[in-house]
Structures are given as C-alpha cells and as structure tokens.
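User: Please take a close look at one part of this model and set it in its surroundings. A plain account will do.

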Amino acid sequence: MGKETSYFGDLDISTKNPDNSSIIGGIIITLFYSFICVSIGMIGFLTYIFDDITMIPLIIGLLFFTIPVFLIYRLINILSTHRLILKHDKDVLVLEKAFQGKCWSVKRKTLSESVYLRYHYYTLVSHESDSISYDGSITSGTSSQTIKKYLIHGFSKTEGEWILDISRFIEQHDHDKAREIAKYIGIEIRDEGEVQPKGLVIG
C-alpha cells in the first residue's frame, strides 16, 4: 500500500473497559470449568494413590490441574484493557495490558525499529450436527467467524524480528484506525488478505 505519511505526533489510545456483566459472566464460566478440571484431576490423583498400578492416572490428573491456569490467563487477557503508547521524542512504542486497573503486562519496543503493519484475516468454519427438519429432510448446520489480525513488525539488532499484536484496538473501530496508527508511526500497511493458518482444522 506504500508507506504512510507520518503525523509526527504522539499517540496514546486504549481499548474500552469491559462491562460488569462480561466480567461476572467470564468469572462464573471460568470457575465452573476450573471446578470440573480440578475434580477430574483429583480423581486421577486419588486413583494413583490408592491403586498404585500405573503413572497414567497421575499424569492425567496433573494435566487437568494445569488447565485452570490457562483458563484464568485467558479470562484476564480477554477482559484486560489494552493501551498503546508511542512517543517520537523518546523513540518508544509501548503496549500495556491492565486488568481492573492493575497493569500485568508491558511490552516496550524502540519506535524507530518499526518496519510495517501487517494485516490479514482468516475464517473459522465449524460444522454442526445434522438435524432433521419438519418435512423430513436432513440439513447440516455451519457457522463461521472471521478473525482479523493487525501486527506491527519491527527489527532490532539485539533481539532480531519482533511483533506487537494491536488487533484489539482495531476490533472496536475499523480498518481506518489501523491506517491512522500506521501514519502516527510512519510505516506502511501490508494487506495480505485472507490466509489459511497452518495446522488449523475446524470440523
């Protein structure tokens, strides 16, 4: 698309805070599935203690014990407020994540190392079970979801290539917001269109 003309200005934007219903709902769902995973893990652990035949129940139990950790991380990441800060005078590009006002992740890059902003999207298609309609015909239900990704690519002599995912900022706006961010940084947008993620099979 060509390099965007820089605004030569600083930028400080944040995503919207999640509403209370989203937070409460997310916590309830996470606790529910975490309880199930811990229960299954405890069954595997107790089976290993009392039977003492094989390590398989213990391994399965430990795997289920770790699942709640990933569920909690996913919940915090989804409900976090993302903040993007760029300052030309300090040559810094910062991506912060905060949950309920508490910052838990900070990625700091050198602004002048930014090379381009890459955009692509892919579609997830899930095939639901066949159903029989009132006239006796069999129909197959499908649903699809389009995932859009906006990634700032940069290169550092010390750490090599780096990437900052700013997709969350664009979700609440449109493609013009990505163009605006690219102009503030002074980099080009590379539109790759639709891609097929490697190894992704939905069915």
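Is Glu 180 buried, partly exposed or exposed? Start from there and describe the helix around this residue, the core beneath and the other charged pairs.

Analyst: Glu 180 is partly exposed, with a relative accessible area of 26%. This is a predicted model, with an average pLDDT of 83 and 85% of the residues scoring at least 70. By element, mean confidence is lowest in S5, at 78, and highest in S7, at 94.

Glu 180 forms a salt bridge with Lys 177, and the closest N and O atoms are 3.4 Å apart. Both residues belong to helix H4, where a spacing of three residues separates them by about one helical turn. An α-helix has 3.6 residues a turn, so residues three or four places apart point the same way. The partners differ in burial: Lys 177 has a relative accessible area of 14% and is buried, whereas Glu 180, at 26%, is partly exposed; the limit for buried is under 20%.

Lys 177 is one of the buried residues of H4, together with Ala 178, Ile 181, Ala 182, Tyr 184 and Ile 185. These residues lie on the same side of H4, because the arc they cover around the axis is only 160 degrees. Just after H4, Gly 186 has a positive phi of about 90 degrees.

Next comes the core. In soluble globular proteins, nonpolar side chains tend to be buried together. Here the largest nonpolar core has 23 residues, and Leu 93, Leu 117, Ile 152, Ile 166 and Ile 181 touch the most other members. Two or more residues come from each of strands S1 (11–14), S2 (81–87), S3 (92–99), S5 (114–132), S6 (138–156) and S7 (160–165), and likewise from helices H3 (167–171) and H4 (175–185). H4 gives the most, with five residues. Beyond its neighbours within four places in sequence, Ile 166 is in contact with Ile 181, and also with Leu 84, Leu 117, Tyr 150 and Ile 152.

The bridge in H4 belongs to a total of seven salt bridges in the structure. Side chains of opposite charge can pair when their charged atoms come close. A second pair is Glu 96 and Arg 83, whose side chains meet at 3.8 Å, N to O. This pair links distant parts of the chain, with Glu 96 in strand S3 and Arg 83 in strand S2, 13 residues apart. Glu 96 is partly exposed, at 21% relative accessibility, and Arg 83 is partly exposed too, at 31%.

Glu 96 also stands opposite Val 106 in S4. Strand S4 (residues 102–110) runs antiparallel to S3, and eight bridges join the two. Their hairpin has two residues between the strands, and Gln 100 takes a positive phi near 55 degrees there.

S4 also holds Lys 109, which forms a salt bridge with Glu 159 in the loop between S6 and S7, so the pair ties together parts 50 residues apart in sequence. The closest N and O atoms of Glu 159 and Lys 109 are 2.9 Å apart. Lys 109 counts as buried, at 15% relative accessibility, while Glu 159 is partly exposed, with a relative accessible area of 45%.

To return to the opening residue: Glu 180 is partly exposed, and its partner Lys 177 is among the buried residues of H4.

Key: Residues numbered from 1 in each chain as written. Predicted model: local features only at pLDDT ≥ 70, side-chain atom pairs only at ≥ 80, totals over all residues. Heavy atoms only, no water. Core = buried A, V, L, I, M, F, W, Y, C linked by side-chain atoms within 4.5 Å. Buried < 20%, exposed > 50% of the residue type's maximum accessible area, 1.4 Å probe, protein only. Helix = DSSP H or I, 4+ residues; strand = E, 2+ residues; numbered from the N terminus. Contact = heavy atoms within 4.5 Å. pLDDT = per-residue confidence, 0-100. Pairing = 2+ DSSP bridges. Salt bridge = Lys/Arg side-chain N within 4 Å of Asp/Glu carboxyl O. Arc of directions from axis to C-beta.
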